[in-house]
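Visitor: Could you take me through one part of this model in some detail? I would like to see how a single helix sits among its surroundings.

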Amino acid sequence: MARDAPSDRLALGISHYQEKRFAAAAEHLSAASAEPSELADYAVYYYALTLAALEKHAEAARALEDFPRHFPASPLLRSAAGQRADSLSLSGRATEALALLSTAPPATASGWMLLAQVAERAGELVRAARAYQHVYYEFPTAAEQATALAELNGLRARLGPRYPQPPPEMRLGRADRLTDAGQHRLVARDFSCAIAVGR
């Protein structure tokens, strides 16, 4: 019986991953990632995602350890770095993960959210609050908005007087972005009531 090609195993593995059949996905993606192919970076990346979904975070981080060296031109470089940092932080190596994320400031709401979560796991609560503030004030229409607000409220209570107040330009920037997005009701609410994160 002919063996499946790496591309076939990759396609099956990704399909199983998307269907949340993680054990089956891991089997196919492990085999696909072990063999050279033009799509090896995708095989390794999705194998790591599957391991993370199975809560095998140390193994997921290890799978991505040499990703930049093996696949320097991969379009998945940034995503792989983020996943490795998340897996490191969830396997008890949050300080190392935070150092990995600190090489450049995030450019997206999801990037700031990851930095905030990793900083919180590392015990750097002030840094976590500042990162959540970037999500809340700079990306007011992002899907991560509600989570960022809830986390900020929690950190405000935990930090007390150590809670970092967002600068006025950051708070005004949120109103400008909401106005640009046509969210006038939210702008009015922000200005008419003292929300917990901005008092």
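**A helix and the pocket beside it**

Guide: Happy to! On helix α7, the exposed residues Thr95 and Ala99 lie on the face turned away from the buried side. Please keep in mind that this is a predicted model. The buried residues of α7, which runs over residues 94-101, are Ala94, Ala97, Leu98 and Leu101. Because these cover an arc of only 100° around the axis, they sit on the same side of α7. What lies over them? The cover of the buried residues of α7 includes α6 (77-90), α8 (109-121) and α9 (125-138).

Now to the largest pocket, which has a volume of about 540 Å³. Its lining has 22 residues, and the closest to the pocket's centre are Leu77, Arg78, Ala81, Gly82 and Leu101. Leu101 is thus named twice here: it is one of the buried residues of α7, and it is also among those closest to the centre of the pocket. Which elements give two or more residues to the lining? They are α5 (67-70), α6, α7 and α8. Of the elements, α6 gives the most, with seven residues. As for chemistry, the lining of this pocket divides into 13 nonpolar, six polar and three charged residues.

Methods: Residues are numbered from 1 along each chain as its sequence is written. This is a predicted model: local features need pLDDT of at least 70, side-chain atom pairs count only at pLDDT 80 or more; totals for chains, interfaces and linings use all residues. Side-chain values use heavy atoms; hydrogens and water are left out. Buried means under 20% relative accessible area, exposed over 50%, partly exposed in between (1.4 Å probe, protein chains only). Helices (H or I, at least four residues) and strands (E, at least two) are DSSP runs, numbered from the N terminus. The arc is that of the directions from the helix axis to the C-beta atoms. Contact means heavy atoms within 4.5 Å. On a 1 Å grid over the protein atoms alone, a cavity is a set of points where a 1.4 Å probe fits but cannot get out, and a pocket is an open set with protein on both sides within 12 Å along at least five of seven lines; lining residues have an atom within 4 Å of a point. Grid points are joined across faces, edges and corners, and a volume is the space filled by probe spheres set on the points. Ala, Val, Leu, Ile, Met, Phe, Trp, Tyr, Cys and Pro count as nonpolar, Asp, Glu, Lys and Arg as charged, and the others, Gly among them, as polar.
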